[in-house]
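Let's take a walk through this structure together, one region at a time. Have your viewer ready, and follow along as we go.

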Amino acid sequence: MPIHHINADDQSSLKDIYATDASTRTLPKYRMPEDRTEPHAAYSLIRDELLLDGNARQNLATFCTTWIDDEVKQLMTDSIDKNMIDKDEYPQTAELENRCVHILADLWHAPKSWQTIGCSTTGSSEAAMLGGLAFKWKWRKQREAEGKDASKPNIVTGPVQICWKKFARYFDVEIREVPLEGDALGLKPENLRKYCDENTIGVVATLGVTFTGVYEPVAALAHELDAMQRDLGLNIPIHVDAASGGFIAPFIQRDLVWDFQLDRVRSINASGHKYGLAPLGVGWIIWSSKEDLPEELIFNVDYLGGNMPTFALNFSRPGGEIIAQYYNFLRLGRDGYTAVQQACSDTAQWLGKQLAHLGPFEMVYDGHGGLPAVAYKLTEGDHGYTLYDLSERVRMRGWQIASYPLPSHRQEVVVQRILIRHGVSRDLARLLLDDIKRAIEHLTQNPVPNSSAKPGFHHN
């Protein structure tokens, strides 16, 4: 019989996690600990803290992917050591990125999709900024060639995501965010003549406004800019911020003309990690032709043995998200994406119909014609609670739904928005609806006269 000796100070994986020294102390917050911690204990203690996070699957305020295939998880694990910027060391990852660019260019009807140019980014925010930079440089080059002042560029938008305000501030461009007049939810063609001038580098049209989920009328905006060029001589391009809609409209709203079918549209960005179904950390920017991206913005970098052209605000990035994006293109194809996005849209429209029948809500957007989402406000009158109170109440059941005021000139309108993404089944939507009903009943019977509830985060 073997004889075993027990070391009382042993911190090996045989020792119970909650009997290790690390478990008897609070985790470090300001200084690195002096001693080491067993891997299984460090993992478990950090995982315990992460239990305080919300359940991502119940987060219906985010546009981002919260459900992924097991195969995607495996590809992400397989690719954890791949730096996508090192195209000499990881040429096949670079090839998959290139394939994604041309697949998207074809999906968005670029005239010569096999010849155009584009790149992956960390998300659609970086992609949007790259689109804005290309506009600024082309505008400035044209102005200087004409001997005109190029010191006061502006960009015209409707209610946009915060990345465009960052772009304007970081790159010294005036942003002219057109306020919402009347019952408007986005930029309208009749706004353009008032806000555009010779210093306008471009107009941003949003295919899926973050506040409500509606699409701005890209074709109508393009036609008005065509008319302005005829009447005023202003040749102003459009960038489409299709952060979410770029992966929705091509599949379930195929008759909608919004992309490179319009000559006025010169660049498009989208989030792979939103309705593109890829894991967090990938966006895309595509130009209609190579001429739309000024050569001066492209850096040729001698990096790790290879010469590499690059246009990005970031440099080293993981390659897994790009690989996962290509996996989704391969696995789902057009039919698969259509099925997924149609299911999401059907569920959103069903939920919108049910919410409209509850009584206290007036639908602002019911899920038809835009993103798979709904947005609504309280009907006129004192309900004894606010939408902020309702958000807090349903969060007790784990649901996160966004409540916030609309942007400028309509700030008095508070809306609540629910996004239906891949993985949000009809059954989950039904459970949410039941919890909203119970929350309304509770708040009606227990009014909140001095509510301290605040707006919820809505990715803007």
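A good place to begin is the outward-looking side of helix α1: the face turned away from its buried side carries Pro39, Tyr43 and Leu50, which are exposed. Keep in mind throughout that this is a predicted model. On the other side of the balance, the buried residues of α1 are Ala41, Ser44 and Leu45. Looking down the axis of α1, you will find these buried residues within an arc of 95°, so they line one face of the helix. The length of the helix can be checked too: α1 covers residues 39-50, and its 12 residues, at 1.5 Å each, should span 16 Å, which agrees with the 16 Å between its end C-alpha atoms.

Now let's turn to the interior. In soluble globular proteins, nonpolar side chains tend to be buried together. Here the largest nonpolar core has 71 residues, and Trp108, Leu192, Val203, Ile238, Val240 and Trp258 are those with the most contacts inside it. Helix α9 (residues 320-356) gives the largest share of this core, 7 residues. Another core, of 26 residues, lies apart from it and includes Leu351, Tyr376, Trp399 and Val424.

For a closer view of one residue, try Ile238. Leaving aside neighbours within four places in sequence, its contacts include Phe135, Val203, Ala205, Val218 and Leu221. Also among the contacts of Ile238 are Arg264, Val265, Arg266 and Ser267.

A loop can hold a buried residue as well. Leu293 sits in the loop between β7 (283-287) and β8 (299-303), yet Leu293 is buried, with a relative accessible area of 5%. Which residues is Leu293 in contact with, leaving aside its neighbours within four places in sequence? They are Ile117, Ala134, Trp287, Ile298 and Phe311. To get a sense of distance, jump from Leu293 to Val415: the two are 122 residues apart in sequence, and their C-alpha atoms are 38 Å apart in space.

That jump brings us to a sheet. Four strands form an open sheet with antiparallel pairing, in the order β10-β11-β13-β12. Its edge strands, β10 (361-365) and β12 (402-405), each pair on one side only. From one strand to the next, the twist averages 35°. At one edge, β12 and β13 (residues 414-419) pair in the antiparallel sense over 4 bridges, and Ser403 stands opposite Gln416 in β13. Finally, we meet α9 again: α9 lies across β10, β11 (373-378) and β13, running at about 15° to β11.

Terms used
Residues are numbered from 1 along each chain as its sequence is written. This is a predicted model: local features need pLDDT of at least 70, side-chain atom pairs count only at pLDDT 80 or more; totals for chains, interfaces and linings use all residues. Side-chain values use heavy atoms; hydrogens and water are left out. Helices (H or I, at least four residues) and strands (E, at least two) are DSSP runs, numbered from the N terminus. The expected span of a helix is 1.5 Å times one less than its number of residues. Buried means under 20% relative accessible area, exposed over 50%, partly exposed in between (1.4 Å probe, protein chains only). The arc is that of the directions from the helix axis to the C-beta atoms. A nonpolar core is a set of buried Ala, Val, Leu, Ile, Met, Phe, Trp, Tyr and Cys residues joined through side-chain atoms within 4.5 Å. Contact means heavy atoms within 4.5 Å. Two strands pair if DSSP finds at least two bridges between them. Axes are lines fitted to C-alpha atoms, for helices over the stretch in contact, and angles run from 0 to 180 degrees between N-to-C directions.
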